[in-house]
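Here's a quick walk through the model, starting where the chains meet and working outwards to the folds behind that contact. Have the viewer open as you read.

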Amino acid sequence: MFERMTLIRACDDRIRRGLSSGEFAFTYWPATGQEAIAAAMGAVLRTDDQLVTTYRGLHDQLAKGVPVGPLVAEVLTRGTGVNAGKGGSMHIAHPPSGLVLSTGIVGSGLPIAAGVALAAQLRGGDQVTVASFGDGATGTGSFHEAVNLAGLWKLPLVLLCQNNRYAEMTPTFAAQPVAHVAERASAYGIPGTTVDGNDPDAVHRAVAAAVDRAREGGGPTLVECTTFRLWGHYFGDPMRYMAEGELESARTADPVGRYRATLLAEHVFDEAAAAAVEEQAHEEVEVAFVAALEAAFPDGGEAFTDVYLDPTGVPL
Amino acid sequence: MSAADATGTAGSAGTVRTMREALNLALDEALGADPAVLLIGEDLADPGGGISQVTKGLSTRWGNHRVRDTPISEAAIVGAAVGAALAGLRPVAEVMIMDFISIALDQLVNHAAKSRFMSGGTLSVPMTVRTAVFGGIGSGATHSQTLEAWLAHIPGLKVVVPSTPADAKGLLTSCIFDDDPCVFVENVALYGTKGPVPDGEYRIPLGRAAIARPGDDVTLVAYGRTVRDALAAAETLAGEGIEVEVVDLRSLVPFDADAVLGSVARTRRAVVAHHATRFAGFGAEVAGVINEELFGELDAPVQRIGAAFAPIGSAPTLEAAVMPSASSIAAAVRRTVGHTTGG
């Protein structure tokens, strides 16, 4: 999990560096600070398990196994991207990794994930689907409709809420009348649990239990992982809505540094081994960026392909 | 693009059935032909068999797992259909009344329509959304709207509107087995309409208009429920010596521009009619295409007939005041035929 977290952070750092310097430009919704949740989920899931995530999804996508090079190229909307530069950072899909899609509309991924899980249930087998979403999504009708369906039909679905304490610019406590997102589960007859989303081992245990339950036909579980969005809603967000000292306090709980320190203290690895992991991640990311930045944007004509499989009679 | 297919509409072979029965047959045969076909929506299963009994008997035959009742959750019904389609099934979602599609538009517009494109062709959403217009029976302003123009405006969706039982079977089957998302717009006012329906597998390619009635004097373009009124108007006008060619579009996307232009090139006069609101309706698109392609050959400006720009009241007098009718369509045709250029 440390390797995955390190790779995610290295990629995220590189994106923010490029955006800051003007090396490239795109709208970016950083998941900085949420790496532990993704890494733990990725470690639990099989490749053939399915994931539906959101526009704040770089960490989930890398954790599920989307290859770094084509992912970075897609984020930079190059023709060599995993979606030919047509999706961009918001809309990553990579079926070979089990990443169904990433949705740009808050809450919309939940009904879609329920449908993916329904297909798996109808086919038989033991494939599990994860819907990854933020606390903001729990205010949408889509969330409630989808969780109701999932509970009703006992779908093999894990509802992974990454509660990063802000829905766009509004704090979670100002947007919901319950203390924890996990409390919502009881309304739909499913278990709900809240764990420290900055502790990958805790997330791993919770997600593994939920995945096992889904795999065995027990139905869905809502797993709320509390965390903090360290770089705001979008890259460049001045975060004026935060209380004095809140961000500084959250930074001290940065899961990447914290997990590194824990593993060193527990002698899982030494400083040299940790540094080697980080070095390898930086190299992998740098190779990906060099290749992506050399690649061309898609040809303008590509705007008119993949709109329909059969475009006969369509005014393209 | 194809020319009009005059033989596709109501072949002589087959069994006389209502449109309700033809739709049921198409769904039944699709469920039988492909285990990936899944029906999902409110009240579909027996004993109810759907609010209009379109799905009657199907859950008994194919099981409640494949003919699946849902809570009243339009966003989740259509969203789950998107997910199931992404996962390789061919879901047919029912949105009971077309007005309710407003609740599911995010899934249709942002996800179903665009996933193929946004994934660079990696994803496919082979789903169909069946929905029914409940206009014409006094259902009031939130249960009577004809909203297909909303959907025709979205690249990535196909929009199909049958007018006969045979077309209902052939077009619905094509939608179900199409690899892109289709919205199939039924009309409750047509469910009891009878006509010959081909037995066995029957598909009508999407994007082929039909000549519902041939004529030389003026082209009358319509679709869905409006075709019935257009044919009634044409019958009346034949008695007055005006031969109307009725072109039934059958699908708005794909749009059979060749069929429309081919007819208007002969008749040099055109009226476009639909029950949807006239202002910014699909008729404006049809009129625009005719004007762009045939401006110099027209003997009269293209007229558009549609619902007035007002909500649809529940009282029969209010609905009638807003909606087009065979007589208002006939009046428009008379104006068009009576128009003289340069006069």
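## Where the chains meet

This is a predicted model. Across the interface, 37 residues of chain A are in contact with 41 residues of chain B. On the chain A side, β2 (99–103), α5 (109–123) and α6 (141–153) each chip in with at least two residues. The largest share comes from α5(A), with 10 residues.

What's that side of chain A made of, by class? It has 23 nonpolar, 11 polar and 3 charged residues.

## The helix pair across the interface

A pair of packed helices is described by two things, the angle between the axes and the distance between them. Let's use both on α5(A) and its partner in chain B, helix α3 (residues 74–86): the axes come within 6 Å and cross at roughly 50 degrees. Angles from 35 to 65 degrees fall outside the parallel and perpendicular ranges, and the two helices α5(A) and α3(B) are therefore oblique to each other. The crossing of α5(A) past α3(B) is right-handed.

Which residues make the contact? From α5(A) you get Pro111(A), Ile112(A), Ala113(A), Ala114(A), Gly115(A), Val116(A), Leu118(A) and Ala119(A). Facing them from α3(B) are Ala75(B), Ala76(B), Gly79(B), Ala80(B), Ala81(B), Val82(B), Gly83(B), Ala84(B) and Leu86(B). Sorted by class, that contact has 14 nonpolar residues, 3 polar ones and no charged ones.

## Chain A on its own

Chain A has 10 helices and 8 strands. Its radius of gyration is 19 Å, which agrees with the value near 20 Å for a compact globule of 316 residues. Along the principal axes, the C-alpha atoms of chain A fill a box of roughly 60 × 50 × 40 Å.

There's a helix pair to look at inside this chain too. The axes of helix α1 (residues 2–21) and helix α2 (residues 35–44) of chain A come within 9 Å and cross at roughly 135 degrees. That angle makes α1(A) oblique to α2(A), and the crossing is right-handed. The contact brings Arg4(A), Met5(A), Ile8(A) and Arg9(A) of α1(A) up against Glu35(A), Ala36(A), Ala38(A), Ala39(A) and Gly42(A) of α2(A). Here the class count is 5 nonpolar, 1 polar and 3 charged residues.

## Chain B and its two domains

Over in chain B, the secondary structure comes to 12 helices and 14 strands. The radius of gyration of chain B is 20 Å, close to the 20 Å that the globule rule gives for 343 residues, so this chain is as compact as a globular protein of that length. The box filled by the C-alpha atoms of chain B is roughly 65 × 45 × 40 Å along the principal axes.

The domain assignment splits chain B into domain 1 (15–197) and domain 2 (210–338). Their C-alpha centres lie 26 Å apart. How many residues are in contact between these two domains of chain B? It's 25 residues of domain 1 with 22 residues of domain 2. On the domain 1 side, α6 (148–152), β6 (158–160), α7 (165–176) and β7 (182–187) of chain B each supply at least two of the touching residues. That side of domain 1 divides into 14 nonpolar, 8 polar and 3 charged residues.

Key:
Residues numbered from 1 in each chain as written. Chains lettered and ligands numbered in written order. Predicted model: local features only at pLDDT ≥ 70, side-chain atom pairs only at ≥ 80, totals over all residues. Domains from an automatic or database assignment. Contact = placed C-beta atoms within 7 Å. Helix = DSSP H or I, 4+ residues; strand = E, 2+ residues; numbered from the N terminus. Nonpolar A, V, L, I, M, F, W, Y, C, P; charged D, E, K, R; others polar. Axes fitted to C-alpha atoms, helices over the stretch in contact; angles between N-to-C directions. Parallel < 35°, antiparallel > 145°, perpendicular 65-115°, else oblique. Left-handed = near helix turned anticlockwise from the far one by under 90°. Rg over C-alpha atoms; globule rule 2.2 N^0.38 Å.
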